[in-house]
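These are comments for a colleague who is going through the model shown below. They are set out as numbered points and can be read beside the coordinates.

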Amino acid sequence: MQKTILEIFIFFIKITNILALVLTVIIFINKYTNYIFEITKISRSELGKYIKKIREAKGISLEELAYFSKIKINKLEKIEKGLKVTITEFDLKKIANILKIDNKEFYQILKK
């Protein structure tokens, strides 16, 4: 009888460890996954125009921005034209870093 209770106890310990591991993985994924912004049509257009204006003012070609940011050129084209519906926080940071601006400027545009 005691052996059965001990086996049940060990089983619950194993289940608890598995659940703790799953929870840890979920927390890790939530913490380190890029946040994706769903952007309205007006905000997309304003953000794209702003990025293009800053990029051109700094003399950076779209190809250079794509190369240094490691973002595909067709994605950047869509962002600048206001066609890209989703964009990650990480992409915004990379673009801001290349353009040497504070990425918070992008969020101000998106909040309008």
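1. F12 belongs to helix α1, which spans residues 2-32, in what is a predicted model. Its relative accessible area is 49% and exposed would require over 50%, so F12 has to be described as partly exposed.

2. F12 is also one of the residues that form a nonpolar surface patch of about 760 Å²; the other contributors are I8, F11, I15, I18, L19, V22 and I26.

3. Turning to the interior, the largest nonpolar core holds 21 residues, and the members that touch the most others are L76, I95 and F106. At least two residues of this core come from each of α2 (41-57), α3 (62-69), α4 (73-81), α5 (89-99) and α6 (104-111). As background, nonpolar side chains in soluble globular proteins tend to be buried together.

4. For I95, if residues up to four places away in sequence are set aside, the contacts are I51, L65, I71, L76, I79 and F106, a list that includes L76 and F106, named above among the members touching the most others.

5. Which residues of α4 are buried? They are L76, I79 and E80, and, because they fall within an arc of 95° when seen down the axis of α4, they line one face of the helix. In general, an α-helix has 3.6 residues a turn, so residues three or four places apart point the same way.

6. The cover over the buried residues of α4 includes α2, α3, β2 (86-88) and α5. Just after α4, G82 adopts a positive phi of about 80°.

Definitions and conventions:
Residues numbered from 1 in each chain as written. Predicted model: local features only at pLDDT ≥ 70, side-chain atom pairs only at ≥ 80, totals over all residues. Heavy atoms only, no water. Core = buried A, V, L, I, M, F, W, Y, C linked by side-chain atoms within 4.5 Å. Buried < 20%, exposed > 50% of the residue type's maximum accessible area, 1.4 Å probe, protein only. Helix = DSSP H or I, 4+ residues; strand = E, 2+ residues; numbered from the N terminus. Contact = heavy atoms within 4.5 Å. Patch = residues over 30% accessible without salt bridge, like charges linked within 9 Å, V, L, I, M, F, W, Y side chains within 5 Å. Areas by Shrake-Rupley, 256 points an atom, 1.4 Å probe, with all protein chains shown as cover. Salt bridge = Lys/Arg side-chain N within 4 Å of Asp/Glu carboxyl O. Arc of directions from axis to C-beta.
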